[in-house]
Amino acid sequence: MCLTGLGIALFPGIVPAADGDPVAGKGKTAMCAGCHGIPGYKTAFPVTYSVPKLGGQHAAYMVKALQAYKNGDRSHPSMRAIAAGLSDQDMADVAAYYAATSTHSASK
Ligand code: HEC
């Protein structure tokens, strides 16, 4: 099974560095859920701002986004701090997990 294959087909040129393992990824999302797991997808600290939902997004896109935070192409301070602590394997794993997660049960 290759969850990233679909993403590569849809986003040519975006090639994840490693194959993601959704099971391993689930265990790495505990710190993400504090912001990304909130119904309505908003966080209240330090200010109220919208947080993108991750469930159902393409793994390749999420890996690309995390790499962009890590290398500074994306400048959001919270996500830069988070991404700085993730290895390429961590990014692939959490992306695979979120890509396999449906958010249809969310209240909104
Ligand atoms: C402190 C709150 C917070 C935490 C914790 C957090 N995020 Fe985020 N995340 C955000 C916010 C806010 C954004 C939107 C930033 C922006 O506008 O660029 C975001 C954006 C993202 C994006 C880009 C989504 C898109 O649609 O472009 C990804 C992927 C992501 N986060 C993954 C993660 C992962 C994986 C973790 C855990 C390892 C995590 N985040 C932890 C707040 C958080």
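Visitor: In what order do the elements of the chain run from the N terminus on?
Guide: This is a predicted model: local features need pLDDT of at least 70, side-chain atom pairs count only at pLDDT 80 or more, and totals for chains, interfaces and linings use all residues. Residues are numbered from 1 along each chain as its sequence is written. The chain has 6 helices and 2 strands, which are DSSP runs numbered from the N terminus (helices are H or I, at least four residues; strands are E, at least two). From the N terminus on, they run α-α-α-β-β-α-α-α.

Visitor: In the chain, where is confidence highest?
Guide: pLDDT is the predictor's confidence in each residue, from 0 to 100. The chain averages 78, and 66% of the residues score at least 70. Helix α1 (residues 3-10) has the lowest confidence, at a mean of 49, while the highest, at 96, belongs to α4.

Visitor: Over which residues does pLDDT stay under 50?
Guide: Where pLDDT is low, the predicted coordinates should not be read in detail. The stretch in question has 12 contacts beyond four places in sequence in the model, a contact being two residues whose C-beta atoms, placed from the backbone, lie within 7 Å. The stretch is residues 7-12.

Visitor: What share of the 108 residues of the chain counts as buried?
Guide: A residue is buried if 20 or more other C-beta atoms, placed from the backbone, lie within 10 Å of its own; 12 or fewer make it exposed, and anything in between partly exposed. By that count, the buried share of the 108 residues is 25%.

Visitor: Which element gives the largest share of the largest nonpolar core?
Guide: A nonpolar core is a set of buried Ala, Val, Leu, Ile, Met, Phe, Trp, Tyr and Cys residues joined through C-beta atoms within 7 Å. The largest has 17 residues, and those with the most contacts inside it include Ala59, Met62, Val63 and Tyr98. Two elements, α4 (59-71) and α6 (88-99), give two or more residues to this core. The largest share, 8 residues, comes from α6.

Visitor: How many of the 12 residues of α6 are buried?
Guide: α6 reaches 16 Å from its first C-alpha to its last, close to the expected 16 Å, which is 1.5 Å times one less than the number of residues. Its buried residues include Met91, Val94, Tyr97 and the charged Asp93. Of the 12 residues, the number buried is 9.

Visitor: Why does Asp93 count as buried?
Guide: Asp93 lies in helix α6. It touches Gly20, Asp21, Ala24, Gly25 and Lys28, leaving out residues up to four places away in sequence. Asp93 counts as buried because its C-beta neighbours inside 10 Å number 26.

Visitor: Is Ala100 partly exposed or buried?
Guide: Ala100 lies in the segment after α6. Leu54 is 46 residues from Ala100 in sequence, and their C-alpha atoms are 10.0 Å apart. With 17 other C-beta atoms within 10 Å, Ala100 is partly exposed.

Visitor: Which residue follows α4, with a positive phi?
Guide: α4 has 13 residues and spans 18 Å from first C-alpha to last, close to the 18 Å expected. Its buried residues include Ala59, Leu66 and Tyr69. The residue after α4 has a phi near 95 degrees, and it is Gly72.

Visitor: How many C-beta neighbours inside 10 Å does Lys70 have?
Guide: Lys70 is placed in helix α4. It touches Ala83 and Ala84, not counting residues up to four places away in sequence. Lys70 counts as buried because its C-beta neighbours inside 10 Å number 20.

Visitor: Which element gives the most to the shell around the ligand?
Guide: The shell has 21 residues, the closest being Cys32, Cys35, Pro52, His76 and Ser78; a residue is near the ligand if its C-beta atom, placed from the backbone, lies within 6 Å of it. Elements giving two or more residues are α3 (30-36), α4 and α5 (77-84). The most, 5 residues, comes from α3.

Visitor: How many residues of the shell around the ligand are charged?
Guide: Ala, Val, Leu, Ile, Met, Phe, Trp, Tyr, Cys and Pro count as nonpolar, Asp, Glu, Lys and Arg as charged, and the others, Gly among them, as polar. The shell holds 14 nonpolar and 6 polar residues, and the charged ones number 1.
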